Each structure stands twice: as structure tokens, then as C-alpha cells.
Amino acid sequence: MATRKTRKNSKGELVRATAVAARFIQQCMSLSRSRRQVVILDSCFSGAFAEGMSAKDDGAIDIREQLGGEGRAVLTSSTSTQYSFEQEGQDLSIYTRFLIEGIKSGEADRDRDEFISIDELHEYASQKVRELQPAMKPEIYAIREGFKIRLAKVAPGDPRQRYRKEVTRFIHRGEISFVGRRTLDVLRTRLQLETTEAKAIEDEVLEPYRKEFGEKLQQYQQVFTDLLERDEMITDSDRLDLQNLQQILGLRNEDTMPIEAQVTVRFKTHQQNLETYQQAFTTALRQEFPLSAVSRDRLRQTQQQLDMANGDIATIESQITAEVEAYQQKLQNYQRLFFTATQQEYPLSAATRNDLRQQQQRLGLTDVDVAPIEAQITT
């Protein structure tokens with residue numbers, strides 16, 4: 001078992017003196033005269049798993065064989081091939097937090113006999129862990145009486161503990177269920193708790209659930225937003241990937257559908273606003289190039305009405321300005337050609353007219369584009 005100082009040598013081999021052998025713990029348990037022994041292992045099988053580091057499984061371990069025994073129970077936060085997880089911003093790991101919560105709230109007392117046994121605590125913590133982190137599967141190994149070793153006695157007289165325990169029962173996906181809300185209101189009155197006091201208990205119990213569930217929703221929303229910005233349409237392949245992400249995060253369709261609808265509406269509105277500004281900017285440049293201060297003020301008002309940031313319109317203005325500059329250059333080229341033709345021959349012959357039409361087509365200009373130029377020079 002790894003400790004903070006466990007390390008490997010240059011060949012990648014474990015320095016055994018820096019770790020704790022399961023055999024040593026077995027010996028300590030065997031030498032103890034206690035008839036009831038409980039071991040709780042909250043760690044990855046192969047050692048500490050820290051952010052930015054990877055853990056390597058060196059093989060399987062049979063915890064039942066090495067640590068089991070009569071009147072013994074072993075709780076583990078994960079299987080022999082899984083990792084355990086921590087939650088950022090929390091002092092305790094996910095598994096340990098729920099072990100403590102089950103005892104503190106009394107909710108782990110599933111059979112309501114006012115005692116929390118090892119199997120009840122395992123059942124409670126396992127359910128809560130899987131709700132937040134489906135990849136973790138806590139396990140229990142027990143021999144004979146081990147399953148029913150009593151760990152704690154529930155205090156029956158504290159109304160706050162009673163209320164806390166009931167709050168824990170009615171939590172569903174980070175919130176209190178509809179029926180649970182009505183039930184808790186009745187219980188609060190019966191226990192003679194102040195509304196502010198009950199609300200504080202609810203917030204304390206719900207906080208880790210809300211934070212974890214909210215982070216998962218934000219992750220899904222970010223991925224869906226990035227996908228729309230990249231492809232603008234969700235393909236069948238994208239949909240399969242999103243479903244896989246949804247399963248990994250432990251979210252249901254009811255959780256993700258509102259997110260997708262909201263992001264899609266926001267994305268379409270943003271695209272429409274971009275098109276509206278693009279049209280306004282193009283029209284302004286067609287009428288006046290370069291833009292005057294008055295035209296700039298009108299465009300700035302349009303930008304504010306559409307609630308668009310400078311970064312949103314920078315690409316549009318850059319692209320359209322380049323296109324208009326190229327268009328103006330074409331008009332100037334045709335203007336020089338037409339002026340030269342009229343200087344050499346006036347009125348223009350059919351052959352000259354035909355040559356000018358070919359030049360116009362080469363420049364990609366329409367009759368509407370060149371009409372003002374010809375009218376001005378002819379006059």
C-alpha cells in the first residue's frame with residue numbers, strides 16, 4: 001500500500017521500504033484481541049492518483065484473502081482495477097465524505113434500528129458515490145459476523161439530526177424532489193424548527209450534490225457549444241459522441257435536452273445577429289468608401305442594438321473591407337479603361353464596345369456596376 005513517501009527506483013521497481021505491506025496489516029489484525037475489526041481503504045489500488053499524473057496497475061490483489069477473517073470487514077472505495085476520485089475544493093475524498101455523512105446524518109441506518117452496521121454504511125456510501133462518480137464502484141468484503149459489525153449509534157433525540165437525515169433521503173440529482181419538499185415542510189413544523197434553520201441544514205447537505213451536478217452540466221454545455229461553433233450542425237456521429245459523454249457524466253436526456261435547446265437558440269440568434277450586422281456593414285461600404293464618422297456612429301449603434309462584442313464583428317469588418325477594397329480596385333481599373341477608350345475614340349465604335357464588355361466580364365463587374373462610371377466620363 002502506497003504512502004506519501006512511496007517511490008520507485010530508476011528501473012521502475014517499487015522501493016518496498018517506502019510502502020506498507022498488506023501482510024503487515026494482516027499481522028497487526030491477527031495480534032489484536034478485538035473480535036470485531038473493520039478496515040477502510042480509500043485510495044486507488046495502485047497508489048496515489050494526483051492531477052497531472054497517471055497511475056499504472058501492476059496486477060490484481062485479492063483483498064478478501066489478504067485482509068479477510070472471522071468477524072472482519074473491509075470497505076474499499078473502488079475495485080482492484082479502478083481509481084478513486086477526489087472532488088476539487090473539498091477537504092475529503094468523495095468516498096470518505098459519504099461515509100462520514102451517513103454516520104453524521106444517521107441516514108445510513110437503513111433498517112431504523114438506531115444502529116449503523118457495516119453493511120448499511122457500505123450500501124449508503126456506495127449509492128451516493130455512484131450518483132456523483134459512476135466510474136467508482138465501492139466494494140465490501142466481510143466474513144461471518146463482519147457484515148453486521150455495528151459502527152455507530154444514531155442519536156434519536158436531536159431534531160436537527162432527524163431533519164438532516166430526512167433531507168438526505170429526498171435528494172434527487174442535486175435537488176430535493178417535489179414530494180420530498182412537501183414532506184420536509186410538514187416535518188419541519190412537527191420538529192419545531194425555524195425556517196432559516198431548516199434552510200441552512202438543507203443547503204449544507206445539498207451543497208456538494210449541487211456543485212458536482214452543476215459542474216457536469218457545465219461540461220456538457222461547453223462541449224455542445226464548441227461543437228456547434230465548429231460544425232453548425234449536429235451529425236449522427238456527433239450525436240453518438242454526445243450520448244457517450246452524457247453516460248460518462250451520469251446525465252439523463254432530461255438533463256441535457258434543456259441545455260441543447262438553450263445553446264441552439266442562443267447560437268442561432270448569434271448567427272442571425274452576425275448576418276444582420278454583415279448586411280448593414282456591406283451596405284454602408286457600398287454607399288461610401290471609406291466610411292465617414294457619421295456612418296461609423298450608425299454602425300456602432302447597430303452593434304449595440306444587437307448586443308455584439310467587438311470581437312464578434314472584427315472578422316466580419318475585416319473580410320468585407322477586403323472584399324470592398326478589391327471591388328473598388330476593379331471599378332478604378334474599368335474607369336481607366338473606359339476613359340482611355342473615349343480619349344482615343346468618341347463616340348465609341350462597336351469593336352471598342354465589345355472590347356470593353358470583355359474587360360468588364362474579366363473584372364467580374366455587372367452593367368449596374370459600370371453604368372455610373374460610363375455616364376460620368378461620357379458627360
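**Fold, confidence and helix packing in the predicted model**

Of the contacts in the chain that link residues at least 6 apart in sequence, 67% bring together residues at least 24 apart. The structure is a predicted model, and it contains 13 helices and seven strands. Out of 379 residues in the chain, 37% are buried. The chain exposes about 23800 Å², with carbon and sulfur atoms supplying 50% of that area.

How far the predictor trusts its own picture comes next. The mean pLDDT of the chain is 82, and 88% of the residues score at least 70. Confidence bottoms out in helix H2 (residues 63–67), where the mean is 49, and peaks in helix H12 (residues 350–363), at 92. Residues 46–60 have a pLDDT below 50, and in the model this stretch has 18 contacts beyond near neighbours in sequence. Where pLDDT is low, the predicted coordinates should not be read in detail.

Now for how the helices pack. A pair of packed helices is described by two things, the angle between their axes and the distance between those axes. For helix H3 (residues 94–105) and helix H5 (residues 159–169), the axes come within 8 Å and cross at roughly 130°. That angle is neither over 145 degrees nor in the range from 65 to 115, so H3 and H5 count as oblique to each other. On the H3 side, the meeting residues are Glu101, Lys104 and Ser105, while H5 brings Gln161, Arg164, Lys165 and Thr168. Sorted by class, the residues of this contact between H3 and H5 comprise no nonpolar, three polar and four charged.

The pair made by helix H11 (310–344) and H12 gives another case. Here the axes lie 10 Å apart, and the packing angle is about 170°. Angles over 145 degrees count as roughly antiparallel, so that is the label for H11 and H12. From H11, the contact uses Lys330, Asn333, Tyr334, Leu337, Phe338 and Ala341; from H12, it uses Thr352, Arg353, Leu356, Gln359, Gln360 and Leu363. The class count for H11 with H12 is six nonpolar, four polar and two charged residues.

The loop that joins these two helices has a feature of its own. Proline 347 sits in the loop between H11 and H12, and the peptide bond leading to it from tyrosine 346 is cis, with omega near 0°. Another cis bond runs from phenylalanine 289 to proline 290, with omega near -5°. Proline 290 belongs to the loop between H9 and helix H10 (293–305).

Two other loop residues stand out for their backbone angles. Glutamine 192 has a phi near 60°, a positive value in a residue that is not glycine. Its place is the loop between helix H6 (178–191) and helix H7 (195–231). With a relative accessible area of 71%, glutamine 192 is exposed. Aspartate 307, in the loop between H10 and H11, likewise has a positive phi, near 55°, without being a glycine. Aspartate 307 has a relative accessible area of 69%, so it counts as exposed.

Helix H9 (residues 253–287) holds asparagine 273, and glutamine 279 is in H9 too. How do these residues fare, buried or exposed? Asparagine 273 has 18% relative accessibility, which makes it buried, given that the cut-off is under 20%. Glutamine 279, at 57%, is exposed, with the line for that drawn at over 50%. Setting aside neighbours within four places in sequence, asparagine 273 is in contact with Leu306 and Met308. As for glutamine 279, its C-alpha lies 9.9 Å from that of isoleucine 316, and the two residues are 37 apart in sequence.

Finally, helix H7 includes valine 223. This valine has a relative accessible area of 38% and is therefore partly exposed. Which residues does valine 223 touch, not counting residues up to four places away in sequence? They are Leu242 and Leu245. Between valine 223 and leucine 242, the C-alpha to C-alpha distance is 8.5 Å, with 19 residues separating the pair in sequence.

Technical notes:
Residues are numbered from 1 along each chain as its sequence is written. This is a predicted model: local features need pLDDT of at least 70, side-chain atom pairs count only at pLDDT 80 or more; totals for chains, interfaces and linings use all residues. Side-chain values use heavy atoms; hydrogens and water are left out. Helices (H or I, at least four residues) and strands (E, at least two) are DSSP runs, numbered from the N terminus. Buried means under 20% relative accessible area, exposed over 50%, partly exposed in between (1.4 Å probe, protein chains only). Contact means heavy atoms within 4.5 Å. Accessible areas come from the Shrake-Rupley method with a 1.4 Å probe; for residues, only the protein chains shown count as cover. Axes are lines fitted to C-alpha atoms, for helices over the stretch in contact, and angles run from 0 to 180 degrees between N-to-C directions. Angles under 35 degrees count as roughly parallel, over 145 as roughly antiparallel, 65 to 115 as roughly perpendicular and the rest as oblique. Ala, Val, Leu, Ile, Met, Phe, Trp, Tyr, Cys and Pro count as nonpolar, Asp, Glu, Lys and Arg as charged, and the others, Gly among them, as polar. pLDDT is the predictor's confidence in each residue, from 0 to 100.
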